[in-house]
Amino acid sequence: MRNRNSICWGWVGLGLILLAGAPVWSQDEPRTVPATAATGPVSDVPSPDDTGRMLTPPPVNGQSYPAVPASEERSNYLRGGVTFTGAYTDNAVGPVNGHPVSDVSYSVAPFIALDEATPRLHLALNYAPGFTFYQRETNLNEADQNASIDLEYRLSPHVTFSARDGFQKSSNVFNQPDLASAAAVTGSTEAANFSVIAPIADRLSNSGDAGITYQFAANSMVGASGTFTNLHYPNQAEVPGLVDSGSQSGSAFYSLRIARRHYMGVVYQYQRLLAYPVPGTNETQTHAALVFYTVYLRPRFSISLFGGPQYADIGTQWPPTTCTNIVGTCPTPGSRNWNPAAGGSLGWQGHLSSVAISYVHLISSGSGLIGAVRMDNASASIRQQLTRRLSASVAGGYTQNDVLDAPPTVSSNGHTVLGTAGLQQQFGQHLNLQLGYTRIHQDYASVAVLATPNTNREFVSISYQFAKALGR
């Protein structure tokens, strides 16, 4: 079995040791919880007006924008509970005799989460297994796993280490906790691509990153990070036309605070993008030199832009199935070319509202297609607390994937549109009711996706949860 989970973090560890041992810029350490995000998860994010510790701008901090208003955030808590969900799907298994097959499903999902913050450490752990049962298509019954970890640790007043990892095992893209909040929006230059969706198919996905930043002067910062993603389909027969894929990348940046609220910088990025069709491995390597700019209109309101050239070295490209030995089609020779890379994002977190919007155009992993893709992705997330106990959320995205140097016998280009909306009502301290609607539309040549190109889902869920303050 190919080793799709390997990535070397040695250079990150070496950088951590070197930076931790370097002399730091002399200044009294602020008594705040570390947060490198532009609008991070900790309540006391340093203000851009503070001439001390710099923020790490969204294009290089590797984090998603907050999906909830500040009033809904809590730290130093242990939470747990269970969620019961009933859902109606109008296209559960694809067309039968030319007509889509609908079904009703019932899910049970216990969960536990830990969020701990100290003046130097912020740690968030989440684990949510789940079990889904279908009323008619009982062969689709499944067990799911969702887990994530998010760590930030300030090694010294001006050196911060961060690491994140998320894992999901599922047979249904809908079966993840709070789908409306799970549509993460990021301003990063290294956005993961999981946009091609086979709604009913066993799937393992994993993504993670680790990075370090060092503020070596009053208005200057450097940093480095490494990122990986993996997508694996255990039963290939369920996803004809799709293949396993993965990516490994590393980047280094320099950031300059040119004014109290304005940051500019440069970033170098390397990617190794892999896809695993039956005959061989399709590999693409990219190098990019990007310039970024971020303005903080408020401590929790930022606008970011980035852009620059991206060079692609595309290796030999194999078709998804066994070669036909037709001259010139098996495999396709590789090529090299230059492409523009650009993006922009906006993140705002108010006391009762949160808004995040982003757009990127760059070369990325294929998300199950036969090779690396030229990706255009636009995504947005909005959440509003309507009353003390009632909130509404809307999230969605559009992704266009164009395969680089695809074999002439293969047509995999296409797009995905996903949108979800929900209402949440809190009853007392422990009960929560959610009503929601989700729609997926896809247009790809993949047989697995063509089977369920359009899916509508309505759901209602009831959650019981408890919360215990840590250290009390």
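In the predicted model, strands β11 (244–259) and β12 (262–276) each supply at least two residues of a nonpolar patch on the surface. This patch is formed by Phe216, Tyr254, Leu256, Ile258, Met264, Val266 and Val291, which together present about 550 Å² of accessible area. The greatest contribution comes from β11, which gives 3 residues to the patch. Phe216, another member of the patch, is placed in strand β9, which spans residues 200–217. The relative accessible area of Phe216 is 37%, so this residue is classed as partly exposed, the limits of that class being 20% and 50%. Two of the patch residues, Phe216 and Tyr254, also belong to one aromatic cluster, which they form with Tyr214.

Across the whole structure, a search for aromatic pairs finds 4 of them. One of these is formed by Tyr263 and Tyr296, whose rings are arranged edge-to-face, with 5.4 Å from centre to centre and 80° between the planes. This pair links distant parts of the chain, since Tyr263 belongs to strand β12 and Tyr296 to strand β13 (residues 282–298), with their positions 33 residues apart in sequence. Tyr263 and Tyr296 are both buried. A further aromatic pair, formed by Tyr311 and Trp338, is tilted, with a centre-to-centre distance of 5.0 Å and an angle of 55° between the planes. Because Tyr311 lies in strand β14 (residues 301–314) and Trp338 in strand β15 (residues 335–349), the pair ties together parts that are 27 residues apart in sequence. With regard to accessibility, Tyr311 is partly exposed, having a relative accessible area of 21%, whereas Trp338, with a value of 62%, is exposed.

Strand β4 (residues 103–117) contains Val104, a residue that counts as partly exposed because its relative accessibility is 23%, a value to be set against the limit of 20% under which a residue is called buried. When neighbours within four places in sequence are left aside, Val104 is in contact with Ala87, Tyr88, Phe133, Tyr134 and Gln135. A relation over a long stretch of sequence also involves Val104, as this residue and Glu458 are 354 residues apart along the chain, while their C-alpha atoms are separated by 9.8 Å in space.

Methods
Residues are numbered from 1 along each chain as its sequence is written. This is a predicted model: local features need pLDDT of at least 70, side-chain atom pairs count only at pLDDT 80 or more; totals for chains, interfaces and linings use all residues. Side-chain values use heavy atoms; hydrogens and water are left out. Patches are made of residues with over 30% relative accessible area and no salt bridge: like charges are joined within 9 Å, nonpolar side chains (Val, Leu, Ile, Met, Phe, Trp, Tyr) within 5 Å. Accessible areas come from the Shrake-Rupley method with a 1.4 Å probe; for residues, only the protein chains shown count as cover. A salt bridge is a side-chain nitrogen of Lys or Arg within 4 Å of a carboxyl oxygen of Asp or Glu. Helices (H or I, at least four residues) and strands (E, at least two) are DSSP runs, numbered from the N terminus. Buried means under 20% relative accessible area, exposed over 50%, partly exposed in between (1.4 Å probe, protein chains only). Contact means heavy atoms within 4.5 Å. Rings of Phe, Tyr and Trp (its six-membered ring) pair if their centres lie within 6.5 Å; planes under 30 degrees apart count as stacked, over 60 as edge-to-face and the rest as tilted.
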